[in-house]
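Reader: I would like to learn how to read helix packing and sheets in a model. Where do we begin?

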Amino acid sequence: MTKKVIHVGVGTFGRRWCTEFLASNIADGTIEVVALVDIDPKALEFGRKALKLPEAACYTDPQAAFAAHKVDFCTIVVPPGYHEAVIDIALAHNVDILCEKPIADTMAASARIARKVRAAGRKMAVTMSHRFDQDKTTLRQVIRAGQIGRVNNVSCRYFADMREHLAWGALFRHTMMDPLMIEGAVHHLDLVADFAGAQCQSLTASTWKPDWAKYAGDTDGIVMMVFQNGVRGIYEGSSSAAVGLNDWMKEYVRVDGEFGTAILNNREIEIFSRSQLVRQRCREGQGQKIQLITQPKWLNNWLIEKFCTWLDGGAEMETHVEANLHAAALIFAGIESARSGKTIDVQDYIRSFDGS
C-alpha cells in the first residue's frame, strides 16, 4: 500500500531528496508526498515544483502541516540541531519518522529522542545511507560470506578537498565545532563497525583543523577503535585535503581477515586470498576483482522502501533509532575523546545517557 508522507527540509541535501530519493519512490507507488515543509519560501517553491505539489500543500510551519494532514510517516532533512523539535511534532501527531543522520546534534538529545519514540510506541529509523550503497553492500556480503575468514582489523580512509568556504555544500558545516565527526565520520565510523561485525568497546580519537581549512571546527581526524569481538578498527578522515583521493562515496576500506584481505577503493573491490606459502606478498591492483551487486535501489532510495516494508510488518530496519544510538555514540564519544585526550569506554558512555 502506498504510504502518505510529509517531507520536512528542502535545503542543499533536501533538494536531492525531492528530485531523487522521494521521486523514485513516488514513481513506483511506494509513497505519496502530501505535504512539504521548509522555513525558506524559495526552497519550498523548488520542492513544490520538483514534487509537483499544489501550493496549498507547502508550509513554512511544521505544526500546521502535521495538523492538516494524516500521514503514515515523515521524512526529516534539516540540520541535526533541529531534528528533535520536528520529531516532537511528529510524535504528537502519532506519525512514524525516517530521519537524516545523525539522530541529533548531541548524545544527550539522541538518547532523549530514542526514549521519546519508545514511549510513544512509534517507529523511527535513521538514513545511514553509506552503509546501503552498492559498493559497501557488496563488500559486506564478501565479509559475511566468510570469503576472507574471521575479521582481524578494518581500516577506512576518507580524504576530500572541501577546504574552501561552502565547498561542503551548506553554511552550517563551516560554522559548527565538529564538522568532520558529526557530518563525515557519522557514516564512516558506522561502516567500520558494520564491517567489524560488533559494537565498539573503546575508542580513542584526535581531531584538528589545518590553517588552510575555512571552517570554525575540526575538519580532520584519526579514530582508533576496539570492538567487542576483538576486531580493531582505524579511521582517517579529512575534509581539507589538497586533493580528493578518496572523496565522498569513493572511500578506501581495507578489511583484513584470517584467510585474506578485501579492499574497496573508489568503488572497486578486490580480494587477496592466502596461498600455501611460507610468506606471501601482494600488491593492490592484482587481486581478484569482485563484481558489484545490482538491484533497483540504493542509498536513501532503498532506505525509504525498507522503511515502508517495516511499517507494513516486514523486517525491522537495521538503522532503527535504538540501534542507531551506537552510531551516534561513536561520533560523540569520539568528540569527547579528542577534547579530553582520553580513551572512551563506548558502552559506558551510552549507559551514562540512559536517564538524561
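Author: Begin with a helix pair. H4 and H5 are roughly parallel to each other, because the angle between them falls under the cut-off of 35 degrees. On the same scale, over 145 degrees counts as roughly antiparallel, 65 to 115 as roughly perpendicular and the rest as oblique. This is a predicted model, in which local features need pLDDT of at least 70, side-chain atom pairs count only at pLDDT 80 or more, and totals for chains, interfaces and linings use all residues. Residues are numbered from 1 along each chain as its sequence is written, and side-chain values use heavy atoms, with hydrogens and water left out.

Reader: How are two packed helices described in general?

Author: By the angle between their axes and the distance between the axes. Here helix H4 covers residues 83-92 and helix H5 covers residues 107-120. Their axes come within 11 Å and cross at roughly 5°. Axes are lines fitted to C-alpha atoms, for helices over the stretch in contact, and angles run from 0 to 180 degrees between N-to-C directions. Helices (H or I, at least four residues) and strands (E, at least two) are DSSP runs, numbered from the N terminus.

Reader: Which residues make the contact of H4 with H5?

Author: Contact means heavy atoms within 4.5 Å. H4 supplies Glu84, Ile87, Asp88 and Leu91. H5 supplies Ala109, Arg112, Ile113, Lys116, Val117 and Ala120. By class, that contact has six nonpolar, no polar and four charged residues. Ala, Val, Leu, Ile, Met, Phe, Trp, Tyr, Cys and Pro count as nonpolar, Asp, Glu, Lys and Arg as charged, and the others, Gly among them, as polar.

Reader: At what angle do H1 and H2 pack?

Author: Helix H1 (residues 12-27) and helix H2 (residues 41-51) pack at about 25°, with axes 9 Å apart. H1 and H2 are therefore roughly parallel to each other. H1 passes H2 in a right-handed crossing. Right-handed means that the near helix is turned clockwise from the far one by less than a right angle; anticlockwise would be left-handed. Arg15, Cys18, Thr19, Leu22 and Ile26 of H1 meet Ala43, Phe46, Gly47, Ala50 and Leu51 of H2. The classes are seven nonpolar, two polar and one charged.

Reader: Now sheets. How do strands of a sheet pair?

Author: Through backbone hydrogen bonds, either parallel or antiparallel. Two strands pair if DSSP finds at least two bridges between them. One open sheet has six strands in the order E3-E2-E1-E4-E5-E6, with parallel pairing. Its edge strands, E3 (58-59) and E6 (124-127), each pair on one side only. Strand E1 (residues 3-8) and strand E2 (residues 31-37) share six bridges in the parallel sense. Histidine 7 stands opposite leucine 36 in E2.

Reader: Which strands does H1 touch as it packs on this sheet?

Author: H1 touches E1, E2, E4 (73-76), E5 (96-100) and E6, and its direction makes about 155° with that of E2. Helix H9 (residues 299-311) also packs on the sheet, touching E1, E2, E4, E5 and E6. The direction of H9 makes about 160° with that of E5.

Reader: How many strands form the sheet with mixed pairing?

Author: Nine, in the order E14-E13-E12-E11-E7-E10-E9-E8-E15, and the sheet is open. The edges are E14 (288-290) and E15 (344-345). E11 (residues 252-257) and E12 (residues 260-265) run antiparallel over five bridges, and arginine 254 stands opposite isoleucine 263 in E12. Helix H6 (residues 134-144) packs on this sheet, and its direction makes about 175° with that of E12. Helix H8 (residues 179-196) packs on the sheet too, at about 30° to the direction of E9.

Reader: In which sense does E7 pair with E11, and in which with E10?

Author: E7 joins E11 by six bridges, antiparallel. E7 joins E10 by seven bridges, parallel. Serine 155 stands opposite arginine 254 in E11, and the partner of cysteine 156 in E10 is tyrosine 235.

Reader: How many residues lie between E9 and E10 in their hairpin?

Author: Four, and glycine 230 in the turn has a positive phi of about 90°. E9 and E10 pair in the antiparallel sense over seven bridges.
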